Amino acid sequence: MKPDHLSDLTFASLDLHPRLLSGLAKLGYEHCTPIQAACLPMALAGKDLAGQAQTGTGKTAAFLLATMQHLLTHPPKGPEGVPAPGAFILAPTRELAVQIYNDARQLGVDTGLKMTVCYGGAGYEQQRAEIEGGVDILIGTPGRLIDFFKQKTFTLSYVECMVLDEADRMFDLGFIDDIRYLLHKMPKPAERKSYLFSATLSHRVLELAFEHMKPNVEKVEIEPEQVTAERVKQQMVHVSNHDKLPLLVGLLRSLEATRTMVFVNTKRGCEMVERALVKNGFTAATLSGDVAQTRRLKLLQDFKDGKLPILVATDVAARGLHITGVSHVINFDLPNEAADYVHRIGRTARAGSTGDAISFVCESHAYSLPEIEHYIGMKVPQLEATVESMKPADYLVPERLPRREDDKGGRHHNRQRRGPPRRY
Ligand code: AMP
């Protein structure tokens with residue numbers, strides 16, 4: 001994070017446990033981000049928090065530091081023999097849970113606190129064994145955690161700190177009954193610390209907060225992602241459906257892109273884009289909801305490590321993930337929702353750096369542009385180079401994807417709704 005994105009408040013000036021200060025020093029964090037500066041003094045004073053903050057603002061360290069500080073200064077009261085986490089952190093997606101866990105391990109490297117992450121789709125027995133081995137901070141997605149809880153793998157009766165991250169996504173993904181169930185199994189709100197974070201503090205989120213947090217919960221609102229997006233150099237190019245793939249190949253060749261995310265609206269579209277890129281000599285892989293969990297984590301790691309330069313993704317990948325150093329975001333398809341546009345381009349220019357976002361405006365998705373421009377409050381400037389000048393003469397056409405059962409009739413349907421069928 002660049003210094004101009006940080007506040008004047010230093011971690012050293014807060015009354016943090018020396019073991020946390022040493023973790024922060026190892027990470028090279030000296031100054032709080034604005035959300036940390038707003039949250040930490042209140043959390044350290046014992047307040048519950050309902051924070052409005054997006055990924056990229058430093059919210060994870062804010063709630064992790066508050067949580068770990070509490071655990072370090074209030075030794076656990078759990079009984080011998082039954083795993084009884086002192087902190088319970090819920091996240092809506094597997095990727096986010098893993099990210100929180102990784103941050104927790106780094107920040108808490110010198111704390112001696114035991115941390116475990118649980119999520120669906122992988123590692124069932126291993127996760128259970130880890131919990132059974134004892135855990136201070138249990139992080140995970142609601143489904144898997146309920147599963148273990150109902151099997152009495154752990155108890156929630158000794159939770160001192162509860163964190164609900166991306167609360168609005170919990171509603172969107174239909175987890176809210178699961179969350180309510182788990183919250184009811186913990187000590188009462190007055191007897192624990194509760195930290196809730198959400199991209200928006202909407203009515204439904206605040207209702208949840210008032211129901212399950214202390215009455216004097218502090219609301220902390222920090223600049224929405226839209227402001228982050230202002231740091232992104234945004235451009236767009238009008239292109240026919242037919243020319244999209246060659247344009248993408250030409251564009252990627254001309255850009256000095258180190259880590260690029262290409263967003264596509266459908267999984268099938270992702271596959272086609274990946275095929276075209278690979279055929280034309282790029283190393284690229286698809287991250288969508290269909291990709292098996294272990295592979296998703298591997299892809300994200302490779303992308304983070306710089307081994308995988310291009311990640312082709314659906315919106316599943318756009319939300320919540322913090323991937324540093326994304327140099328370019330390309331919207332191969334404009335998203336249908338304006339908010340998704342901001343989330344997508346927010347993958348670049350994270351944490352104070354700047355980035356580039358280039359959007360293809362094609363026949364199939366051009367109708368989204370006015371709404372996006374209205375939402376971001378500006379016209380997206382045109383790319384200077386023309387499509388013709390960027391299309392490579394040696395573009396290799398990839399093999400077509402095999403036709404799927406559910407494609408039958410789809411073309412006709414598409415044509416009626418949204419003009420000509422896509423040809424990539
Ligand atoms: P988050 O919003 O929690 O995803 O945080 C975004 C990223 O900001 C983290 O992954 C860290 O790399 C970075 N970060 C968080 N807090 C600080 C800080 N106080 N100073 C510098 N970088 C930070």
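In this predicted model, buried residues account for 56% of the 424 residues in the chain. The fold is built from 17 helices and 13 strands. Among contacts with a separation of 6 or more, 77% join residues that stand 24 or more positions apart along the chain. The chain has an accessible surface of about 18,500 Å², and carbon and sulfur atoms contribute 51% of that area.

Helix α2 makes a good place to look more closely. This helix spans residues 34–44, and its buried residues are Ile35, Gln36, Cys39, Leu40 and Ala43. These residues lie on the same side of α2, because they cover an arc of only 100° around the axis. A general rule helps in reading such a pattern: an α-helix has 3.6 residues a turn, so residues three or four places apart point the same way. The packing partners of the buried residues of α2 are two strands that come early and later in the numbering, β1 (49–52) and β6 (193–198), together with helix α3 (59–73) and strand β7 (218–221). Just after α2, the backbone at Gly46 adopts a positive phi of about 95°.

Gln36 also appears in the surroundings of the ligand. There are 15 residues around the ligand, and those that come nearest are His31, Gln36, Gly56, Gly58 and Thr60. Sorted by class, this shell holds 4 nonpolar, 10 polar and 1 charged residues. Some of the pairings can be followed atom by atom. At His31, a backbone N or O atom lies 2.8 Å from a nitrogen atom of the ligand. Lys59 also takes part through its backbone, where a polar atom is 3.5 Å from an oxygen atom of the ligand. Thr60, in contrast, uses its side chain: one of its polar side-chain atoms lies 2.5 Å from a ligand oxygen atom. The ligand on its own would expose 490 Å², and the protein buries 89% of that area.

Two loop residues deserve a look for their backbone angles. Lys152, in the loop between α6 (142–150) and β5 (161–164), has a phi near 60°, a positive value in a residue other than glycine. Glu166 follows in the loop between β5 and α7 (167–172), and its phi, near 50°, is likewise positive in a residue other than glycine. Is each of these residues buried or exposed? Lys152 is exposed, with a relative accessible area of 71%, whereas Glu166 counts as buried because its relative accessibility is 12%, and the limit for a buried residue is under 20%.

Definitions and conventions: Residues are numbered from 1 along each chain as its sequence is written. This is a predicted model: local features need pLDDT of at least 70, side-chain atom pairs count only at pLDDT 80 or more; totals for chains, interfaces and linings use all residues. Side-chain values use heavy atoms; hydrogens and water are left out. Buried means under 20% relative accessible area, exposed over 50%, partly exposed in between (1.4 Å probe, protein chains only). Helices (H or I, at least four residues) and strands (E, at least two) are DSSP runs, numbered from the N terminus. The arc is that of the directions from the helix axis to the C-beta atoms. Contact means heavy atoms within 4.5 Å. A residue is near a molecule or strand if one of its heavy atoms lies within 4 Å of it. A polar contact is a pair of N or O atoms within 3.5 Å; within protein, one must be able to donate a hydrogen and the other to accept it, and residues adjacent in sequence count only if both atoms are side-chain atoms. Accessible areas come from the Shrake-Rupley method with a 1.4 Å probe; for residues, only the protein chains shown count as cover. Ala, Val, Leu, Ile, Met, Phe, Trp, Tyr, Cys and Pro count as nonpolar, Asp, Glu, Lys and Arg as charged, and the others, Gly among them, as polar.
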